[in-house]
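Open the model in your viewer and keep the sequence panel beside it. We will go from one selection to the next, with a short stop at each.

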Amino acid sequence: MLIYGLKNCDTCRKAMRSLPDAKLVDVRAQGVPADVIGHAFEAFGEALVNKRSTTWRALTDAQRAEETLVLLSNHPTLMKRPLIAFNDQVFLGWNNEIEAEVKALS
């Protein structure tokens with residue numbers, strides 16, 4: 001199980017505490033593989049982009065108009081976190097419902 005997020009993100013840390021066997025992939029340092037981000041985009045669409053982030057607010061209008069997958073590959077910290085990949089399933093965010101679903105699979 002891989003958790004794509006940031007090592008200093010509180011929500012990602014909560015997910016890591018609840019899923020001790022998971023491995024954290026820091027998107028700032030390592031990015032997100034194209035196949036994983038593509039699968040996540042198919043599942044979540046535009047919801048994958050965190051439009052409340054400081055990264056989003058720092059973008060120009062021209063950058064914001066870029067195709068979503070290009071935007072996320074150029075600015076991986078724009079992705080909502082955490083993105084959890086387990087087998088062929090992906091989960092976005094962290095709450096009680098997602099925690100229960102993920103734990104039921106592992």
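Two strands count as paired here if DSSP finds at least two bridges between them. Keep in mind that this is a predicted model.

**Stop 1: the whole chain**

Begin with everything shown as a cartoon. You should find 7 helices and 4 strands, and following the sequence from its start gives the pattern β-α-β-α-α-α-α-α-β-β-α. Now switch to the C-alpha trace: along its principal axes, the trace spans about 40 × 25 × 25 Å. The radius of gyration is 13 Å, which agrees with the value near 13 Å for a compact globule of 106 residues.

Turn on a surface if you like. The accessible surface comes to about 6200 Å², with 48% of that area belonging to carbon and sulfur atoms. Of the 106 residues, 42% count as buried. As for contacts with a separation of 6 or more, 48% of them involve residues 24 or more positions apart.

**Stop 2: strand E1 and its partners**

Select residues 2-5, which form strand E1, and add residues 23-26, strand E2. These two strands run parallel and are joined by 4 bridges. Next add helix H1, residues 10-18: E1, H1 and E2 together make a right-handed β-α-β unit.

Now bring in residues 83-86, strand E3. E1 and E3 run antiparallel, with 3 bridges between them. Which residues stand opposite Tyr4 in E2 and E3? In E2 you will find Val25, and in E3 you will find Leu83.

**Stop 3: two cysteines**

Show Cys9 and Cys12 as sticks. How far is the sulfur of Cys12 from the closest cysteine sulfur? The distance is 3.5 Å, to Cys9, and that is too far for a bond, because a disulfide needs the two sulfur atoms within 2.5 Å. A search of the whole structure likewise finds 0 disulfides. Are these two side chains buried or exposed? Cys9 is buried at a relative accessible area of 11%, and Cys12 is also buried, at 1%.

**Stop 4: helix H3**

Move on to residues 34-44, helix H3. Colour Val36, Ile37, Gly38 and Ala40, which are the buried residues of this helix. Then show what lies over them: the cover includes E1 and E3 from the second stop, along with helix H6 (68-74) and strand E4 (89-92). Before leaving, look just past the end of H3, where Gly45 follows with a positive phi, near 60°.

**Stop 5: Thr55**

Finally, select residues 54-58, helix H4, and pick out Thr55 within it. Thr55 is partly exposed, with a relative accessible area of 22%. Which residues does Thr55 touch, leaving aside those up to four places away in sequence? They are His75, Thr77 and Leu78. For a last distance, draw a line from the C-alpha atom of Thr55 to that of Ala85: these residues are 30 apart along the chain, and the two atoms are separated by 23 Å.

Key. Residues are numbered from 1 along each chain as its sequence is written. This is a predicted model: local features need pLDDT of at least 70, side-chain atom pairs count only at pLDDT 80 or more; totals for chains, interfaces and linings use all residues. Side-chain values use heavy atoms; hydrogens and water are left out. A crossover is right-handed if, with the strands pointing away from the viewer, the path from the first strand over the helix to the second runs clockwise. The radius of gyration is taken over C-alpha atoms; the globule rule is 2.2 Å times the number of residues to the power 0.38. Buried means under 20% relative accessible area, exposed over 50%, partly exposed in between (1.4 Å probe, protein chains only). Contact means heavy atoms within 4.5 Å. Accessible areas come from the Shrake-Rupley method with a 1.4 Å probe; for residues, only the protein chains shown count as cover.
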